[in-house]
Amino acid sequence: MNLKNDLLLRAARGEKTERTPVWMMRQAGRILAEYRAVREKAGSFIKLATTPEMAAEVTLQPVDLLGVDAAIIFSDILVIPEAMGLPYEMIEQRGPVFPKTVHTIADLDSLHVAEPEVDLKYVIDAIKLTKDGLANRVPLIGFAGAPFTIFCYMTEGKGSKTFSVAKKHLYADPEFSHLLLQKITDSTIAYLKAQIRAGADIVQIFDSWAGILSPEQYNVFSLPYIKQICDAITEVPLTVFAKGAFFAREAIGQLNCSVVGLDWNMDIAESRKLIPNKTLQGNLDPCVLYASYDQIKLEVKKMVNQFGTQRYIANLGHGVYPDTDPDKVRCFIESVKEFSS
């Protein structure tokens, strides 16, 4: 299989590129009116995510409409707990909610290691349909949540600023915590391998809540499980994005991953020193896209100059915000292409 545009994969592998590849986290989403139309037809977020034809359609939209250098499969990190036996609901204006949570070793008996071809067949089918729709134009990114981030939702039951319920378990019941984290890790490895078999060209781990842990806790309850995933995924390049874990950059850089994602709080020059032998991804503040076109171009130019055009994948430092003007997004993408060529 020869991709017409393989910039992202070459950058991930540390190979020379003519320009910097660019994509955005949450690019398949509410910024696009075309996405909102499909979402309305679906009736709910979960219906959209679990209907392969619709998920494939919105995955392709940013490639066709924005000119990004990769598609990322439209899904959610919380499909893993659901596949393990802990379903969730997506409540408008509130986000994900788990009617049932787990708190004891006995609770773990109700969970199983996910079987992706059965429990997550809709994602696998969406990947296959997306690959057909892409027709080798650009790579397809698969993804999963990091075990600790998934653990947060399975114990807390909803989003939180502190995840104090989840963190309480780490201190009060480390045995339960490690058992649940291992079950999530085993499920995640199986899931990512199934995505790769279905056609994902590169995969990303999202540790969205990494920043709520102390460095010591991160080294005990997050990093070892991400390491297991990195060691297991050998088929395609892998990106680790740990939001807020600025203290763990050097350790993440030593994992068996190809790319390290940076959020906008992580200094670029310092990150290059801490992670000298990996491709870096990031890290424009998503709020820059509320600025004028001239300001966006200026900030993108500054970012590209700091990263350099090689061993670099341009992105935001987190997902694009839903009320961002699509034309400002296009300005970001076109500016990366212009200043990195």
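Which residues does the UniProt annotation "binding site" cover? In this predicted model, the unreviewed entry puts that label on Arg 26, Gln 27, Ala 28, Gly 29, Arg 30, Asp 76, Tyr 153, Ser 208 and His 318. The set runs over 293 residues of sequence, and its two farthest C-alpha atoms sit 23.2 Å apart, so the residues do not all gather at one spot. Even so, the lining of the largest pocket takes in Arg 26, Gln 27, Ala 28, Gly 29, Arg 30, Asp 76, Tyr 153, Ser 208 and His 318 from this set.

Two members of the set show how their settings can be described. Arg 30 belongs to the loop between helix H1 (7-12) and helix H2 (33-42). With a relative accessibility of 51%, Arg 30 counts as exposed, because the cut-off for that class is over 50%. Setting aside residues up to four places away in sequence, Arg 30 touches Tyr 35, Arg 36 and Pro 322. Tyr 153, on the other hand, is part of helix H8 (residues 147-156). A relative accessible area of 10% makes Tyr 153 buried, since that class means under 20%. Beyond four places in sequence, the contacts of Tyr 153 are Ile 77, Leu 78, Pro 96, Phe 98, Lys 158, Gly 159, Phe 163 and Trp 209.

Arg 26, another annotated position, has a backbone quirk: its phi is positive, at about 65 degrees, although it is not a glycine. Arg 26 also sits in the loop between H1 and H2. Asn 136 is a further non-glycine residue with a positive phi, near 65 degrees. Asn 136 is found in the loop between helix H7 (121-134) and strand S4 (140-145), and at 29% relative accessible area it is partly exposed. The backbone also has a cis peptide bond from Gly 282 to Asn 283, with omega near -15 degrees; Asn 283 lies in strand S8.

The unreviewed UniProt entry also carries the annotation "domain: Uroporphyrinogen decarboxylase (URO-D)", which covers residues 21-30 and 141-157. Residues 21-30 are 0% helix and 0% strand, with end C-alpha atoms 23 Å apart. For residues 141-157, the make-up is 59% helix and 29% strand, and the end C-alpha atoms lie 27 Å apart.

Moving to the packing, the largest nonpolar core has 126 residues, and Tyr 218 and Phe 332 touch the most other members. Helix H10 (residues 174-198) gives the most to this core, with 10 residues. Leaving out residues up to four places away in sequence, Tyr 218 touches Asp 207, Ala 210, Leu 213, Leu 223, Pro 224, Ile 226, Ala 242, Ala 245, Phe 247, Ala 248 and Ile 252. Gln 217 is found in helix H11 (residues 215-221). This residue is buried too, as Gln 217 has 6% relative accessibility. Past its neighbours within four places, Gln 217 is in contact with Lys 167, Leu 170, Tyr 171 and Ser 222.

Phe 332 leads on to helix H16, where it is one of the buried residues, along with Lys 328, Val 329, Cys 331, Ile 333, Ser 335, Val 336 and Ser 340. An α-helix has 3.6 residues a turn, so residues three or four places apart point the same way. The buried residues of H16 pack against strand S8 (279-284), helix H15 (293-307) and strand S9 (312-316). The geometry of H16 (residues 326-340) checks out: at 1.5 Å a residue its 15 residues should span 21 Å, and the end C-alpha atoms are 21 Å apart, which agrees. At the start of H16, a side-chain oxygen of Asp 325 comes to within 2.8 Å of the backbone nitrogen of Asp 327.

Ile 296, in helix H15, shows the other side of this packing. Its relative accessible area is 0%, so Ile 296 is buried. Apart from neighbours within four places in sequence, Ile 296 is in contact with Val 288, Leu 289, Ala 291, Lys 328, Cys 331 and Phe 332. Across the model, the C-alpha atoms of Ile 296 and Pro 99 are separated by 42 Å, with these positions 197 residues apart along the chain.

Definitions and conventions. Residues numbered from 1 in each chain as written. Predicted model: local features only at pLDDT ≥ 70, side-chain atom pairs only at ≥ 80, totals over all residues. Heavy atoms only, no water. UniProt positions renumbered as here; feature names shortened; annotations may be inferred. 1 Å grid on protein atoms, 1.4 Å probe; cavity = no way out; pocket = protein on both sides within 12 Å on 5 of 7 lines; lining within 4 Å. Helix = DSSP H or I, 4+ residues; strand = E, 2+ residues; numbered from the N terminus. Buried < 20%, exposed > 50% of the residue type's maximum accessible area, 1.4 Å probe, protein only. Contact = heavy atoms within 4.5 Å. Expected span 1.5 Å × (residues − 1). Polar contact = N/O pair within 3.5 Å; in protein donor to acceptor, adjacent residues only side chain to side chain. Core = buried A, V, L, I, M, F, W, Y, C linked by side-chain atoms within 4.5 Å.
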